[in-house]
Amino acid sequence: MYIRELDLRDFRSWPELSLELSPGVTVLSGRNGHGKTNVVEAVYYSSVLKSHRVSADGPLIRAGAANARVSVTTVNEGRELTTHLLIKESGGNQAQINRTRLKSPREVLGVLRTVLFSPEDLRLVVGEPAERRRFLDDLAALRTPRLGGVKADYDKILRQRNALLRSSALNLRRGYDDPAGAAALSTLDAWDAQLAHAGAQVIAGRLSLLDDLAAPITESYAAVAPESRPAAAHYRSTVDDAVRTLLGEGTRDPEVIGAAMLTELGRRRAEEIERGTTLVGPHRDDLVLLLGEQPAKGYASHGETWSLALALHLAEYSLLAAEGSEPVLILDDVFAELDAARRQRLVHVAEGAEQVLITAAVGDDLPGNLHDVVSGRYSVVMEEGVSRIE
């Protein structure tokens with residue numbers, strides 16, 4: 001899979017851009033803040049319908065413009081499709097594939113697959129568990145779209161359950177002997193059943209994903225940082241102890257996980273009522289990253305942190321490529337934070353990809369062995385807030 005053409009209109013700092021691309025490595029270079037990351041952000045947005053830098057679409061639209069447009073022509077095993085996305089600050093976005101108007105922008109998902117590494121991904125290692133959960137959930141939904149729907153259902157149930165815990169705390173404390181208390185507790189029982197059913201599927205999906213992802217994480221880290229301690233990853237859940245009580249070991253069976261989650265919800269009910277929030281479920285779980293015997297968070301050096309965050313995405317790439325067409329690999333300002341040896345190793349890892357898009361602020365950031373595999377190079381400059389290719 002590769003992108004043959006990218007066209008932008010009023011996307012961030014680009015009033016317009018038409019870029020012809022080819023398989024191999026393409027480098028976008030330019031000073032920081034001149035708009036090169038905006039280009040790969042547009043590519044990534046057309047793949048997953050969200051930005052890796054902001055949570056809302058408004059900042060993607062150039063100042064003074066009514067909307068932004070991103071068009072990408074993707075070639076996949078000889079078949080060519082062009083997706084068009086019209087991004088609005090308010091109201092629903094619009095999408096087309098070739099000349100066909102789509103009912104929902106989500107119908108473009110799967111036409112282009114990308115794997116992106118950017119400086120923001122350091123949060124996968126040093127950030128809060130929510131960052132790592134999001135990484136697992138996004139990849140799980142990409143491989144199995146049904147899991148994306150299950151996660152959305154779980155989030156909705158969780159919000160409703162938390163609202164009940166907050167709004168009916170007094171009644172919940174009265175117990176089943178009080179009519180108002182019994183009504184509130186019966187409602188909580190119903191939410192518990194729904195939460196456990198959806199939550200078990202989320203946890204089972206994450207565990208199954210990590211079964212496939214763990215070895216590629218270790219291998220990718222060793223390829224980029226062979227002199228470092230070995231990397232590993234495992235899943236830590238709020239229902240681990242309850243599962244082991246039921247089975248004496250771990251499981252990927254949603255029914256067993258659901259039963260364990262109900263048990264744990266019952267055990268911690270008084271605490272949840274007191275605190276007014278749900279303390280059990282996949283929203284409290286974490287992907288634990290290790291270097292040797294120590295957790296990477298708090299113990300990894302700066303170089304190790306960058307290498308491990310990169311390894312997560314290289315493992316993601318390896319997994320997706322093994323299951324279908326190779327995704328487009330995007331490396332946004334990666335080389336600036338890696339030492340010379342790790343830069344060269346990364347090039348060796350990336351040069352096997354069908355298409356790689358790289359951004360770099362200065363030429364010195366690029367390793368010497370990259371020049372032999374570059375198929376295209378563009379310089380990005382900005383004048384009066386407007387980006388252009390020089």
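A search of the whole structure, a predicted model, finds 1 aromatic pair. F117 and W306 meet edge-to-face, with 5.6 Å centre to centre and 75 degrees between the planes. The pair links distant parts of the chain, since F117 belongs to strand β8 (residues 114-117) and W306 to helix α10 (residues 302-322), 189 residues apart. Both partners are on the buried side of the 20% cut-off: F117 has a relative accessible area of 1%, and W306 has 3% relative accessibility.

The two elements that carry this pair return in the description of the largest pocket: β8 and α10 each supply at least two residues of its lining, as do α1 (36-48), α2 (123-126), α3 (129-143) and α4 (145-167). Helix α3 gives the most, with 10 residues. Residues of domain 1 (2-113 + 328-389) and of domain 2 (137-287) both take part in the lining, so the largest pocket lies between these domains.

The second largest pocket takes the largest share of its lining, 3 residues, from α1. The table sets out the two pockets.

| Pocket | Volume | Lining residues | Nearest the centre | Classes in the lining |
|---|---|---|---|---|
| Largest | about 1500 Å³ | 47 residues | Y44, K50, R134, D137 and D138 | 20 nonpolar, 10 polar and 17 charged residues |
| Second largest | about 170 Å³ | 15 residues | G33, K36, T37, R53 and D333 | 2 nonpolar, 7 polar and 6 charged residues |

Conventions:
Residues numbered from 1 in each chain as written. Predicted model: local features only at pLDDT ≥ 70, side-chain atom pairs only at ≥ 80, totals over all residues. Heavy atoms only, no water. Phe/Tyr/Trp six-rings, centres within 6.5 Å; stacked < 30°, edge-to-face > 60°. Helix = DSSP H or I, 4+ residues; strand = E, 2+ residues; numbered from the N terminus. Buried < 20%, exposed > 50% of the residue type's maximum accessible area, 1.4 Å probe, protein only. 1 Å grid on protein atoms, 1.4 Å probe; cavity = no way out; pocket = protein on both sides within 12 Å on 5 of 7 lines; lining within 4 Å. Points joined across faces, edges and corners; volume = space filled by probe spheres on them. Nonpolar A, V, L, I, M, F, W, Y, C, P; charged D, E, K, R; others polar. Domains from an automatic or database assignment.
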